[in-house]
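Open the model in your viewer and set it to show side chains as sticks. The tour below tells you what to select at each stop.

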Amino acid sequence: EGISGIDDPRQIWGDQKGFQKSRSLITKEVNAVVRGLKAGGATEVRVVDDHMSGGPSPRNIIREKLEKSAKLYQGPDFWERLNEALDGSLAAAVLLGYHAMADDKEGFLTHTIHPFNIARIEINGKTVGETALAALKLAEHGIPVIMVTGDQALVREALELLPGIETVQVKTSLNRRTTKCLPPAEARKLIEKVAKRAISKIDQLKPLSI
């Protein structure tokens with residue numbers, strides 16, 4: 001939902017026209033992050049394919065076109081592949097292509113877990129989205145989030161939750177179904193540049209706590 005070039009709801013579903021183009025767009029943005037992190041000094045990069053619409057087999061990221069230095073985690077169960085990738089050796093995380101929480105009227109394809117914007121999750125009385133849920137899961141392993149990418153609604157949500165992180169706004173949304181993307185090549189250039197800079201914030205940012 002938060003990848004530049006994806007501006008039609010049909011593009012995120014594996015059985016819909018446009019999904020193959022989306023796979024290429026996603027993979028290229030992942031590669032931009034990998035290159036940026038490596039340029040910033042990362043010695044190892046792990047990529048978890050965490051979008052669920054790729055069908056029972058996760059086929060969002062094109063393995064053959066992924067940067068060779070990155071290790072990709074794909075499998076039929078999201079939580080299994082996430083748990084396999086996470087351990088205490090990881091210094092930081094980037095949340096790429098995320099979307100704002102359910103009920104946000106400005107974000108593109110906003111929802112929390114359930115794809116049709118009907119689920120709301122609260123923690124201690126505060127409504128949270130998937131950015132918070134991911135950050136809390138990472139925090140179980142002592143991993144801070146240093147960077148997020150998505151539309152302006154997602155960036156706003158992430159900065160309120162995680163002050164000081166690096167962000168890249170790759171699209172501007174009017175509502176759940178209408179968004180205007182940066183040219184994908186321009187977005188990828190920005191992502192690579194900011195990912196390199198984000199590495200320098202590892203010691204400044206702490207894992208999210210409740």
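Select Asp 104 and Arg 156. In this predicted model, the two side chains form a salt bridge, and their closest N and O atoms lie 2.8 Å apart. Now colour the chain by position. Asp 104 sits in the loop between strand S3 (93-95) and strand S4 (121-123), while Arg 156 belongs to helix H4. The two residues are 52 apart in the chain, so the pair links distant parts of it.

Which of the classes buried, partly exposed or exposed does Asp 104 fall in? Asp 104 counts as buried because its relative accessibility is 13%, and the cut-off for buried is under 20%. Arg 156 is partly exposed, with a relative accessible area of 34%.

**Next stop: the second largest pocket**

Keep helix H4 (152-161) in view and add strand S5 (126-128) and helix H3 (130-139). These are the elements that give two or more residues to the lining of the second largest pocket. This pocket has a volume of about 180 Å³. To find its middle, select Met 101, Lys 126, Thr 127, Glu 157 and Glu 160, which are the closest to the centre among the 13 lining residues.

Which element gives the most to this lining? It is H4, with 5 residues. Colour the lining by class and you should count 5 nonpolar, 3 polar and 5 charged residues.

**Next stop: Glu 67 and Arg 35**

Select Glu 67 and Arg 35. They form another salt bridge, with the closest N and O atoms 3.2 Å apart. Glu 67 lies in the loop between strand S1 (45-48) and strand S2 (70-73), and Arg 35 is in helix H1 (residues 19-39). This pair also links distant parts of the chain, with their positions 32 residues apart.

Glu 67 is partly exposed, with a relative accessible area of 25%. Arg 35 is partly exposed as well, at 32%.

**Next stop: Glu 166 and Lys 201**

Select Glu 166 and Lys 201. Their side chains meet in a salt bridge at 3.3 Å, N to O. Glu 166 is in strand S7 (residues 166-175), and Lys 201 is in the segment after helix H5 (184-198). These two are 35 residues apart, and again distant parts of the chain are linked. Are Glu 166 and Lys 201 buried or exposed? Both are buried.

Now add Glu 192 to a selection of Arg 35 and Glu 67. Salt bridges with shared partners join these three residues into one network. Over the whole structure, a search finds 11 salt bridges.

**Last stop: the whole chain**

Hide the side chains and switch to a cartoon view. How many helices and strands does the protein have? There are 5 helices and 8 strands. Following the sequence, their pattern is α-β-β-α-β-β-β-α-β-α-β-β-α.

Turn the model to see its extent. The C-alpha trace spans about 45 × 40 × 30 Å along its principal axes. The radius of gyration is 16 Å, which agrees with the value near 17 Å for a compact globule of 210 residues.

Colour by accessibility, and buried residues make up 50% of the 210. Finally, show contacts between residues at least 6 apart in sequence: 66% of them join residues at least 24 apart.

Note on methods. Residues numbered from 1 in each chain as written. Predicted model: local features only at pLDDT ≥ 70, side-chain atom pairs only at ≥ 80, totals over all residues. Heavy atoms only, no water. 1 Å grid on protein atoms, 1.4 Å probe; cavity = no way out; pocket = protein on both sides within 12 Å on 5 of 7 lines; lining within 4 Å. Points joined across faces, edges and corners; volume = space filled by probe spheres on them. Helix = DSSP H or I, 4+ residues; strand = E, 2+ residues; numbered from the N terminus. Nonpolar A, V, L, I, M, F, W, Y, C, P; charged D, E, K, R; others polar. Salt bridge = Lys/Arg side-chain N within 4 Å of Asp/Glu carboxyl O. Buried < 20%, exposed > 50% of the residue type's maximum accessible area, 1.4 Å probe, protein only. Rg over C-alpha atoms; globule rule 2.2 N^0.38 Å. Contact = heavy atoms within 4.5 Å.
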